[in-house]
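Open the model in your viewer and keep the selection panel at hand. The stops below take you from one selection to the next.

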Amino acid sequence: MKPTEQQPLVYFENAAGRLLEDPAGFIRANWSGSTYGLADVRGLFTHMMLGLQRRGWSRILINQLTMRPFTHQEQEWIAQKWLPQAVSEGGYRHGAVVVSPEVMVRLATAYITTQSQSLAITYRSFETDAAAQAWLLQQPSSPLKY
């Protein structure tokens with residue numbers, strides 16, 4: 001790394017995962033392989049939206065490689081409450097998901113992304129962080145640039 005390059009800044013962490021502000025203009029959400037509950041999931045998602053609002057960004061790179069599947073209650077909360085709010089109030093427009101090798105994690109995530117079809121958001125799934133980041137960087141960094 002060159003001395004002038006900036007590293008992503010960790011701004012929130014709990015049992016569910018870690019959120020970083022990437023200097024390239026997006027939130028990095030790295031899910032944990034630890035044990036966590038609904039309150040941890042809500043906390044992580046709430047801080048994703050707050051990070052987007054604070055920075056005026058519209059993009060999140062979501063790394064699910066070590067994540068456990070969402071519970072039904074978590075899926076419902078994300079799809080029915082958080083996601084519509086993140087789009088309307090947080091400016092969330094593009095999500096690049098590095099998918100888990102676990103089929104149950106993929107299915108739980110697929111439920112949420114299918115619920116988002118009526119919202120102004122685009123999701124893409126990737127096998128690697130590099131591919132996810134490359135796609136995400138092609139998208140507008142701010143919802144105001146539309």
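**A glutamate in helix α2**

Begin with E74 and the backbone of T71: the glutamate side chain reaches the backbone nitrogen of T71 at 2.8 Å. The coordinates come from a predicted model. E74 belongs to helix α2. Add R68 to the selection, and a polar contact between the side chains of E74 and R68 appears, at 2.6 Å.

Is E74 buried or exposed? Its relative accessible area is 1%, so E74 is buried, the limit for that term being under 20%. To see what surrounds E74, leave out the neighbours within four places in sequence and show G37, L38, V41, R68 and P69, which are in contact with E74.

**A second glutamate, in strand β2**

Now select residues 17-22, which form strand β2, and pick out E21 within that strand. E21 is also a buried residue, because its relative accessible area is 6%, against a limit of under 20%. Which side chain makes a polar contact with the side chain of E21? Show R55: the two side chains meet in a polar contact of 2.9 Å. With residues up to four places away in sequence set aside, E21 touches P8, L9, Y11, F26, I27, R54, R55 and W57.

**The largest nonpolar core**

In soluble globular proteins, nonpolar side chains tend to be buried together. For the case at hand, select W31, F45, M48, I60, F70, W82 and Y92; these touch the most other members of the largest nonpolar core, which has 32 residues. Colour the elements that give two or more residues to this core: β3 (26-31), α1 (38-55), β4 (59-63), α2 (72-88) and α3.

Then centre the view on M48. Not counting residues up to four places away in sequence, M48 touches Y11, L19, I27, A29, W31, I60 and W82.

Another core of 8 residues lies apart from the largest nonpolar core. A96, V98, F126 and W135 are among its members, and selecting these four will show where to look.

**A nonpolar patch on the surface**

For the last stop, switch on the surface and select V103, M104 and L107. Together they make a nonpolar surface patch of about 310 Å². Where does L107 sit? L107 is part of helix α3, residues 103-115. Its relative accessibility is 52%, so L107 counts as exposed, a term that applies over 50%.

Key. Residues are numbered from 1 along each chain as its sequence is written. This is a predicted model: local features need pLDDT of at least 70, side-chain atom pairs count only at pLDDT 80 or more; totals for chains, interfaces and linings use all residues. Side-chain values use heavy atoms; hydrogens and water are left out. Patches are made of residues with over 30% relative accessible area and no salt bridge: like charges are joined within 9 Å, nonpolar side chains (Val, Leu, Ile, Met, Phe, Trp, Tyr) within 5 Å. Accessible areas come from the Shrake-Rupley method with a 1.4 Å probe; for residues, only the protein chains shown count as cover. A salt bridge is a side-chain nitrogen of Lys or Arg within 4 Å of a carboxyl oxygen of Asp or Glu. Helices (H or I, at least four residues) and strands (E, at least two) are DSSP runs, numbered from the N terminus. Buried means under 20% relative accessible area, exposed over 50%, partly exposed in between (1.4 Å probe, protein chains only). A nonpolar core is a set of buried Ala, Val, Leu, Ile, Met, Phe, Trp, Tyr and Cys residues joined through side-chain atoms within 4.5 Å. Contact means heavy atoms within 4.5 Å. A polar contact is a pair of N or O atoms within 3.5 Å; within protein, one must be able to donate a hydrogen and the other to accept it, and residues adjacent in sequence count only if both atoms are side-chain atoms.
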